[in-house]
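Got your viewer open? Load the model and follow along, one selection at a time.

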Amino acid sequence: MKKLRKGIIPLLFLLPALVLLGSLALYPVVESVRMSFMEWDGFKELRFVGIKNYIKIFKSKDFFNPKGILNLSSPPYGALIHSLIWLAIFLPLITILGLTFSVLLRNVKGKSVIKSFIFIGMVVPMIVCGVVIRFMYDETAGIINAFFRLIGLGNFAKTWTAYPDTALLALILGSVWVWTGFSMIIYAAGLDLVSEELYDAAEIDGASPWKIFWRITVPILKPCTVFIIIMGLIAALRIFDMVYVTTYGGPGSASMVLGLLIYIKTFVSIPSDLGSATAISTFLLFIALVTSIFLIRQVKE
Amino acid sequence: MEKKTMTITIVMLIIGLIVGFFIGWLVKPAPTPEPVMLKTVCVWTWLEEEAINDVLAEFTKKTGIETEYKAVPEEWIEVTLPMMLNLKEAAADVSWIESALIRHLAGEGHLMDLTDLINEDDYPPAIINQVKVDGKIYGVPFKSGGTFFYYRKSFFRKHNLTPPATYEEFKALLAKIKEIPGIIAPIASGDGWPLRMNVEGFLVGLGDPELYLDLTSGKAAWTESKVRKVFDELAGMIEAGYFGVPGDPIGLVTEWWEEKYAFYFMGSWLSLYVTDPTDLGFFTFPGSKGDVLHCDYAFVPVYVKHTEENKELIKFLASAEGQSVWAKRGGMFPLNLRVTRDIMPEIEKKVAETVEGLALLPELDGAIGGEFIVVMDDQLKLLWVKPGVLDSVLKALEEAMPE
């Protein structure tokens, strides 16, 4: 009886959370995967179509267009490749910049104020960040182009988000600006937990600051790095609001990302193409899941 | 003893509550008739919200039927409302939207047939045809705006410029304006719908109204030579620097008013958003035989509770009387042709005069709609910065046309 109580009571405490998770997270995911094998416009009867939706999205240039990247021409390369490019630039930059700022600001006077300024992008809603980014890149009113003019590089001044060859990069760099604050705070918290004695011992042993950084700081902060990469990965894969307000995936689909493509297929198409939208969602879930599991295993090892 | 009294009191209270609830449940008061309140929704805010509230107040004054208006985001009408209709629920009594969604919802059987409530002849044929499914009418053409090249009269006076009468004069004028110091480009290019408006203007002006209607109905292809010729001309003008780089449509209104651009090809509602409407001059696309109207249509779901009252409201919104209420305030071109010009503010009177004799045509958003418009807006943004990719733009438009 006692044993049974021991098993049931924790379950009872977990029940509210499990019910919420099950109904609001797990059920929609399962339903979404099921829907990806169906054809549905939101009104008529559901019809099972097997993997037709997956074939359809891979045939669609909006989703996958490797021709452009193979020819080394400017985007569009399709939302999938754009999202992968986003990851390839965004993740290294937010980790490197976050780590650099946290290490550099560690012993600086007034570091809290500086950190607050860097972190401000994370506090502001993404949709507002999108509007700000749009203005930052504007040819006449934008601060970035004003900077180019100031340093004598006026030739580079143009509305970066308006051109197919720069729109995606402009958005990625904008998101890096927003997310660097997050990685810096995580790294700073991690650094605060590192014992000073470790650094003192290394210094006594004659280790250079560079060696200390690589041999002590970086390995100790590995769990922080993995956490930042996982959070950044999820954020970059599901990016939507910033692209929606800044470029709406354009020009000429040059900055189309998976999140926006799902939105367009679901809510803009008449009739709605829910089959394709859920197939893209499922694919997105698959990438995020596999990569996250791999990274978490790395930390455990 | 005290404890006993306390216990009895609590028990009595609980019993009292239970008995009270039971009696209350048994002796229900006679149901009072629920007052009719028609809920209307649209995306209009600020001055447009004031105007529609005036229209609804007039309706209440006339019929005694109460109404309320709520401004909602476009997504609410395009996403939430259809979802509710799918569940056989009317999220609002009357809503206003462009015609493509109305045709789709009507095709699914969600909208009330309004054929017997309005007189078809009161509206421009190409406009009313947009809300017909199998010969029945499902939407009331209510509010619209014509599209014109807008300029500041004071700017024209300052630089000794005159509005053009022909397309050739227009091009010469653009070349002259381009040389004026401080001008970013002669024509402002707001991304999204303003770029689309430019294309509509060029297709009707340099092509003709028939070609435009054939394109919207799928009879003509976006890749065919007649269309290509129009786009070649447009691309040439972009290449020549007559259009600015696409930017925020609303922000550009300010920049245009500050004379960084000379023209903004825009809907006639622009008069509501400038500080001095008397300084506002406009002309239609030079030499054009038609003008594209950007229309909002009212519709009613079949699932509304108060069918008769909704029919009354629809009749009022469709009538010259109902549309006159807003037309008096300005900022809209009434779609009921019986609305008299005398009641309109000067600038709207001039709009009515300008479009007189022209074929009044539906916008692409309403005539085609859906994902095509997303593709079109996106491809036009590309064309505006890379006019050399015209072939791929036209191909993308043709591929995006609904079957």
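**Stop one: chain B against chain A**

Put chain B and chain A together and about 2,300 Å² gets buried, with carbon and sulfur atoms giving 56% of that area (buried area is the accessible area, 1.4 Å probe, that two parts lose on being put together, summed over both). This is a predicted model, where local features need pLDDT of at least 70, side-chain atom pairs count only at pLDDT 80 or more, and totals for chains, interfaces and linings use all residues. Residues are numbered from 1 along each chain as its sequence is written, chains are lettered from A and ligands numbered from 1 in the order in which they are written, and side-chain values use heavy atoms, leaving out hydrogens and water.

Select the contact residues (heavy atoms within 4.5 Å): you'll get 29 from chain B and 32 from chain A. Now zoom in on Asp191(B) and Arg134(A), a salt bridge whose closest N and O atoms are 2.8 Å apart. There are 2 salt bridges between these chains (a side-chain nitrogen of Lys or Arg within 4 Å of a carboxyl oxygen of Asp or Glu).

**Stop two: inside chain B**

Colour domain 1 (37-145 + 294-356) and domain 2 (147-292 + 364-400) of chain B; the bounds come from an automatic or database domain assignment. Their C-alpha centres lie 28 Å apart. The contact takes 18 residues from domain 1 and 20 from domain 2.

Here the buried area is about 1,700 Å², 65% of it from carbon and sulfur atoms. On the domain 1 side, pick Gly145(B), His294(B) and Ile347(B): they lose the most area to domain 2, together 32% of what that side buries. How many salt bridges link domain 1 of chain B and domain 2 of chain B? The count is 0.
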